[in-house]
Amino acid sequence: MEKPLLCIVIPCYNEQEVLPKTAPLFLGQLESMAREGLIDEASRIMFVNDGSKDATWELIQGFSRQDPRFTGICLSRNRGHQNALLAGLMEAKDLYDVTISIDCDGQDDINAMSEMARAYLDGCEIVYGVRSNRDSDTFFKRFTAQSYYRLLAHMGGEVVYNHADYRLVSSRVLQEFSNFREVNIFLRGMFPMVGFKSTCVYYERHERIAGESHYPLAKMLGLAFDGITSMSVKPIRIISGMGIFFAMFAMVLIIYVLVSYFSGHVVPGWSSNVIATCMIGGIQLISLGVIGEYVGKIYMETKARPRYIISERTQDRQNGEKYDDCKRLQCKE
């Protein structure tokens, strides 16, 4: 197989502290893979600036001026990690044979990229980077993350256990993936739906090299709930099942009340009424909330707003310059 042209896609949001440390590491890994003959020497690294408020975009532009192997795109505003990653993948799908997506904080083991490339050369179209353990996480994060993966699988979502967004994807898969037009995206659950031959590469996750995480608990919970409601309608079915159960319970209760009334054993009291009212009322509110979440997603999908807008590109993508030093890329254009 001909050596593939690789693009490493890296979403960034307010990463001015970590980028100067991790950018050379990514470049070193790119050079190492080229020396091993796993990828073409014209492979590139693409940073996606997700509307950062610090000097992240200026750093990306500086990297691009220093070395043409660094490229970058800047979104017009912050659109979230999933949309930023999608923007980079869609930008790369027509120019490169294969992409590897990874976060810029240095927590994911970059050496696993070599094994991913070997799996691609062996015929795999998607290679998932999977954490071999969660020893670096706190007990709370480890417990909630593992419980979430199990819950999502139980709900019918096709996800790879302990896989986030570190993966290799071929251009063939990305071409098919571009037909997925939904606005509410959950990439780690969507790529398994595309199909094609896939495998997993296992690695150990490290501590963040510098800076602070921009994914607090609230965002993690939001992503988790989006994942469930975007990939499965089972919560709606659970509500339907609860409705049937309580309807049957109510019928039994009505029969009991009528029998007690006609037999003269009715005892006046308010406790049972209060308990029943609170229980039913709470279930109704929860049910309305879940249904409302789905209705809101339908509302956003019908608007069909763009998932991202690219406002700038680094110099080597401006004014029609398409990596003039790479004939293979010119042929792809």
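Reader: Among contacts in the protein between residues at least 6 apart in sequence, what percentage join residues at least 24 apart?

Author: In this predicted model, 83% of the contacts between residues at least 6 apart in sequence join residues that are at least 24 apart. The protein has 333 residues, of which 45% count as buried, and its secondary structure comprises eleven helices and eight strands.

Reader: Why is Cys-104 called buried?

Author: A residue counts as buried when its relative accessible area is under 20%, and because Cys-104 has a relative accessibility of 2%, Cys-104 counts as buried. Cys-74, with a relative accessibility of 8%, falls under that cut-off too and therefore also counts as buried.

Reader: How do you know that Cys-104 is in no disulfide?

Author: The structure holds zero disulfides. For Cys-104, the nearest cysteine sulfur is that of Cys-12, at 4.1 Å, whereas a disulfide requires a pair of cysteine sulfur atoms within 2.5 Å; the pair does not meet this cut-off, so Cys-104 is in no disulfide.

Reader: Why are α1 and α4 called oblique to each other?

Author: The axes of helix α1, residues 19–35, and helix α4, residues 112–121, come within 10 Å and cross at roughly 40 degrees. Angles under 35 degrees count as roughly parallel, and those from 65 to 115 as roughly perpendicular; an angle of roughly 40 degrees belongs to neither class, and therefore α1 and α4 are oblique to each other. Their crossing is right-handed.

Reader: Which residues of α1 and α4 meet, and how do they divide into nonpolar, polar and charged?

Author: On the side of α1, Phe-26, Gln-29 and Met-33 take part, and they meet Met-113, Ser-114 and Ala-117 in α4. The residues of this contact divide into four nonpolar, two polar and no charged. Phe, Met and Ala count as nonpolar, which places Phe-26, Met-33, Met-113 and Ala-117 in the nonpolar group, while Gln-29 and Ser-114 are polar.

Reader: What makes Tyr-202 count as exposed?

Author: The cut-off for an exposed residue is a relative accessible area over 50%, and because Tyr-202 has a relative accessibility of 55%, Tyr-202 counts as exposed. Tyr-202 lies in strand β7, which spans residues 198–203.

Reader: Which residues is Tyr-202 in contact with, leaving aside its neighbours within four places in sequence?

Author: With those neighbours left aside, Tyr-202 is in contact with Val-130, Arg-131 and Ser-132. The C-alpha atom of Tyr-202 is also separated by 9.4 Å from that of Glu-115, although these two residues are 87 residues apart along the chain.

Conventions
Residues are numbered from 1 along each chain as its sequence is written. This is a predicted model: local features need pLDDT of at least 70, side-chain atom pairs count only at pLDDT 80 or more; totals for chains, interfaces and linings use all residues. Side-chain values use heavy atoms; hydrogens and water are left out. Buried means under 20% relative accessible area, exposed over 50%, partly exposed in between (1.4 Å probe, protein chains only). Axes are lines fitted to C-alpha atoms, for helices over the stretch in contact, and angles run from 0 to 180 degrees between N-to-C directions. Helices (H or I, at least four residues) and strands (E, at least two) are DSSP runs, numbered from the N terminus. Angles under 35 degrees count as roughly parallel, over 145 as roughly antiparallel, 65 to 115 as roughly perpendicular and the rest as oblique. A crossing is left-handed if the near helix is turned anticlockwise from the far one by less than a right angle, and right-handed if clockwise. Contact means heavy atoms within 4.5 Å.
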